[in-house]
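Q: I am a first-year student and would be grateful for a close look at a single part of this model, the boundary between two of its domains. Please set that part in the context of the whole chain.

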Amino acid sequence: SPSDPDLVERARAAKEKLGDKVFVLGHHYQRDEVIQFADVTGDSFKLARDAAAKPEAEYIVFCGVHFMAESADILTGDDQKVVLPDLAAGCSMADMATAEQVAECWDVLTEAGIAEQVVPVSYMNSSADIKAFTGKHGGTICTSSNAERALNWAFEQGEKVLFLPDQHLGRNTAVRDMGMSLDDCVVYNPHKPNGGLTTEQLRAAKMILWRGHCSVHGRFSLESVEDVRARIPGVNVLVHPECKHEVVAAADYVGSTEYIINTLEAAPAGSKWAIGTELNLVRRLANRYADQGKEIVFLDKTVCFCSTMNRIDLPHLVWALESLAEGNLVNRIEVDKETEAFAKLALERMLALP
Ligand code: 13P
Ligand code: SF4
């Protein structure tokens, strides 16, 4: 839907008043009405790298979700303030791993006598606390665009990986990209004693996957892949690695949001694509390439927007920008110093991956 022209004008005016003092970052899943004001757009890896690209900007307005704003705070200078236009923009996957649960898991691994062999690899989609846990225990962060490199690095440091919080990204990377078997993976359920696993299972596993998932990508099904192939002959199925293993195994291409964009940009006219990722991005790409004769459809009509990404809308962005332009620092995301130090260690290990 077209954005309210009055709000568009107000956002433009507030941004102009702020000038170089503000730097607006936008994740690919953001609404069109918001993404039009982003100075930089990207997947979570690109945004983590770009967050520190404008040290002269006093305010970083993060159009994305809470864990991304935390990461931006960790990676930028103390004098740069990160603002999340709606504090309710969280991530259900990140909420599936709490600091207490992860500490308890580490105790279980210690009891089983394997903690020393385990390297934690945490997906970017996790709280700063989980990133700090990861840094403290010699691990790294990864995103969907570098998960294989992160796992290769981790297996040089130890024999086993604790992958959290997205079981699907962990399994898909291990099995699809690195040739491990499904039997090399076990799922640790934080709601069960001992994670629902026996000591033997923990000792035999190479990949200990946290039982978390994305509430958007987790809903694409194998049937949706089969249906679209029957409906659109010759269609290329391209999905995000947060999808279930059976969906990824049935797809033609798998990758992060940035990969999806680049693949469609390079696709020839006349090609047909079914995309399994968040709806705002798929719609934007379908519109962008419609006049080049690239047919782009959403993989499954029962899957919807990411509701928390969608919390950032034009009214919230206008409110944040106008507040900043008037000198009111609103909705600042600030990670405490101790958490920041260890989380930064883990994030810097990721940024240094070969
Ligand atoms: P990427 O942008 O890194 O592919 O991440 C997808 C996602 O779910 C972000 O919340
Ligand atoms: Fe979290 Fe999934 Fe939404 Fe990304 S798309 S913010 S992983 S719920």
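**The boundary of domain 1 and domain 2**

A: In this predicted model, the protein is divided into three parts by a domain assignment: domain 1 covers residues 5-90 together with 309-335, domain 2 covers 94-214, and domain 3 covers 217-298. Between the C-alpha centres of domain 1 and domain 2 there is a distance of 31 Å. Where these two domains touch, domain 1 contributes ten residues and domain 2 also contributes ten residues. On the side of domain 1, the elements that supply two or more residues are helix H3 (44-50) and helix H4 (66-75). Helix H4 provides the largest share of that side, with four residues. By class, the side of domain 1 that touches domain 2 consists of five nonpolar, three polar and two charged residues.

One residue of helix H4 deserves particular attention. Ser-71 is found in this helix, and it counts as buried because it has 30 C-beta neighbours inside 10 Å, where 20 or more are required. Beyond its neighbours within four places in sequence, Ser-71 is in contact with Ala-48, Met-124 and Leu-347. Ser-71 can also be compared with Arg-49: the two are 22 residues apart in sequence, and their C-alpha atoms are 9.9 Å apart in space.

Helix H15 comes next. This helix spans residues 337-351, 15 residues in total, and extends 20 Å from its first C-alpha to its last, close to the expected 21 Å. Its buried residues are Thr-339, Glu-340, Ala-343, Ala-346, Leu-347, Arg-349 and Met-350. The cover over these buried residues includes H3 and H4, and also strand S5 (118-123), helix H6 (128-136), strand S6 (140-142) and helix H7 (147-157).

For a second example within domain 1, one may turn to Leu-324, which lies in helix H14 (residues 314-325). Leu-324 counts as buried because 23 C-beta neighbours lie inside 10 Å. Apart from neighbours within four places in sequence, Leu-324 is in contact with Leu-18, Val-22, Tyr-59, Val-83 and Leu-329. Met-309 is 15 residues from Leu-324 along the chain, and their C-alpha atoms are separated by 21 Å.

The ligands may now be added to the picture. Ligand 1 is surrounded by residues that include Asp-43, Ser-44 and Phe-45, as well as Asn-125, Thr-143 and Ser-144. The shell around ligand 1 has seven polar, two nonpolar and two charged residues. Around ligand 2 there are 13 residues, of which the closest are Cys-91, Met-93, Cys-214, Val-216 and Cys-306. The shell of ligand 2 divides into eight nonpolar, four polar and one charged.

Finally, the boundary can be set within the whole protein, which has 15 helices and 13 strands. The radius of gyration is 21 Å, close to the 20 Å that the globule rule gives for 354 residues, so the protein is as compact as a globular protein of that length. Along the principal axes, its C-alpha atoms fill a box of roughly 65 × 55 × 35 Å. Of the 354 residues, 48% count as buried. Among contacts between residues at least 6 apart in sequence, 69% join residues at least 24 apart.

Definitions and conventions
Residues numbered from 1 in each chain as written. Chains lettered and ligands numbered in written order. Predicted model: local features only at pLDDT ≥ 70, side-chain atom pairs only at ≥ 80, totals over all residues. Near = placed C-beta within 6 Å. Nonpolar A, V, L, I, M, F, W, Y, C, P; charged D, E, K, R; others polar. Domains from an automatic or database assignment. Contact = placed C-beta atoms within 7 Å. Rg over C-alpha atoms; globule rule 2.2 N^0.38 Å. Buried ≥ 20, exposed ≤ 12 C-beta atoms within 10 Å, placed from the backbone. Expected span 1.5 Å × (residues − 1).
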